[in-house]
Amino acid sequence: MSLIHYNHANIYQDNYHVLENVDFHVEEGEFVYIIGKVGSGKSSLLKTLYCELDLEDTEEAEVLGRDLKTLRRKDIPSLRKEMGIIFQDFQLLHDRTVHKNMQFVLRATGWDEKSAREARIDEVLNAVGMADKKDKMPHELSGGEQQRVAIARAILNHPKIIIADEPTGNLDPDTARNIIRLLKDISKQGTAVVMSTHNIPLLDEFPGTVYRCHNGQFCEVTSKNLNEEE
């Protein structure tokens, strides 16, 4: 069963038709890149997956078994609990430590038992190599370290899908490579990863399914034409 199933979806941003007739399918454990120029619709597409943007004039749109065309507003939080969302600007809470950032998420998503929260926090921070930074404030971390914390936060609830919007956009090449390697390892454990990126060279090093947004169209592309129109 597809985790994401879009058939002839139309995507709008501020009443502007940015992508038309989108066919998009993601399976469990799949690693998916979305490429395209700035303003081509990459972020808008990702926002529809977690219902930040509504879909209009769409034939089929299902995410994690929910029909997005009929999903009620009050049911969106339960959908998002099954996702991990990683933003380019990290969106960490800057008034609290790494540990308390994690605590905030777990408490908000129903982890009532303290020992279970602590065990899960230790587990995800170890997974991203940030266990020794647990008591640091976000401003005490490098950009790459903040992104690792953002990834740890995204996997706290054992998500079925990770959605990452330009997760390496502000990082140096070596740090970007380490972030992609980390996300790739997560996908090998069964979590699908859907990420937008401008970092085309990494697509050869860490292969995945590649889609391009271009001139209002969305299509799967091959390695032979990745650099066209970029």
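Is H25 buried, partly exposed or exposed? Select H25 as the opening stop of this tour, which runs through a predicted model. H25 is partly exposed, since its relative accessible area is 31%, and the cut-offs are under 20% for buried and over 50% for exposed.

**H25 and its surroundings**

H25 belongs to strand β2, which spans residues 16-26. Show next the residues that H25 touches beyond four places in sequence: S2, I4, H5, Y6, E30 and Y211. For a distance to draw on the screen, take the C-alpha atoms of H25 and L3, which are separated by 7.4 Å although their positions lie 22 residues apart along the chain.

Move from there to H8, in strand β1 (residues 4-13). The phi of H8 is positive, near 50 degrees, and H8 is not a glycine. With a relative accessibility of 32%, H8 also counts as partly exposed.

**The whole chain**

Zoom out to the full protein chain, in which seven helices and eleven strands can be coloured. Along the principal axes, the C-alpha atoms fill a box of roughly 45 × 40 × 30 Å. The radius of gyration is 17 Å, which agrees with the value near 17 Å expected for a compact globule of 230 residues.

A selection of buried residues takes in 50% of the 230 residues in the chain. Of the contacts with a separation of 6 or more, 68% join residues 24 or more positions apart. Switching to a surface display shows an accessible surface of about 11200 Å², with 45% of it belonging to carbon and sulfur atoms. If the charged groups are marked, there are 28 positive and 38 negative charges, and their mean positions are 6 Å apart.

**The largest nonpolar core**

In soluble globular proteins, nonpolar side chains tend to be buried together. Here the largest nonpolar core has 40 residues, and Y33, I86, M102, I151 and L183 are those with the most contacts inside it. Two or more residues of this core come from each of β3 (31-35), α3 (98-108), α4 (114-127), α5 (143-154), β8 (161-165), α6 (173-188), β9 (192-196) and α7 (201-205). The largest share, six residues, is given by α6.

Centre the view on I86 and display its contacts, leaving out neighbours within four places in sequence. The set comprises Q147, A150, I151, A154, I162, I163, A164, D165, P167 and L183. A second core, separate from that one, has 33 residues and includes L45, L64, I85 and Y211. Y211 has already appeared on this tour, among the residues that H25 touches.

**Helix α1**

Select residues 42-49, helix α1. Six of its eight residues are buried, so the helix is largely enclosed by the rest of the structure. The buried positions to highlight are K42, S44, L45, L46, T48 and L49. C51 follows the helix and has a positive phi, near 65 degrees.

**Helix α3 and the loop before it**

Approach α3 from the loop that lies between β7 (83-86) and α3, where Q91 is found. Q91 is not a glycine, yet its phi is positive, about 55 degrees. Its relative accessibility of 42% makes Q91 partly exposed.

Within α3, the buried residues are V98, H99, N101, M102, Q103, V105 and L106. They pack against α4 and α5, so display these two helices together with α3. G110 follows α3, and its phi is positive, near 90 degrees.

**Helix α6 and the loop after it**

N178 is the next selection, a residue of helix α6. At a relative accessible area of 33%, N178 is partly exposed. Add G144 to the view: the C-alpha atoms of N178 and G144 are 8.8 Å apart, with 34 residues of separation in sequence.

The final stop is Q189, in the loop between α6 and β9. Q189 counts as exposed, at 69% relative accessibility. Its C-alpha atom is 9.5 Å from that of E28, while the two residues are 161 apart in sequence.

Conventions:
Residues are numbered from 1 along each chain as its sequence is written. This is a predicted model: local features need pLDDT of at least 70, side-chain atom pairs count only at pLDDT 80 or more; totals for chains, interfaces and linings use all residues. Side-chain values use heavy atoms; hydrogens and water are left out. A nonpolar core is a set of buried Ala, Val, Leu, Ile, Met, Phe, Trp, Tyr and Cys residues joined through side-chain atoms within 4.5 Å. Buried means under 20% relative accessible area, exposed over 50%, partly exposed in between (1.4 Å probe, protein chains only). Helices (H or I, at least four residues) and strands (E, at least two) are DSSP runs, numbered from the N terminus. Contact means heavy atoms within 4.5 Å. The radius of gyration is taken over C-alpha atoms; the globule rule is 2.2 Å times the number of residues to the power 0.38. Accessible areas come from the Shrake-Rupley method with a 1.4 Å probe; for residues, only the protein chains shown count as cover. Lys and Arg count as positive and Asp and Glu as negative; His and the chain ends are not counted. The place of a charge is taken as NZ of Lys, CZ of Arg, CG of Asp or CD of Glu.
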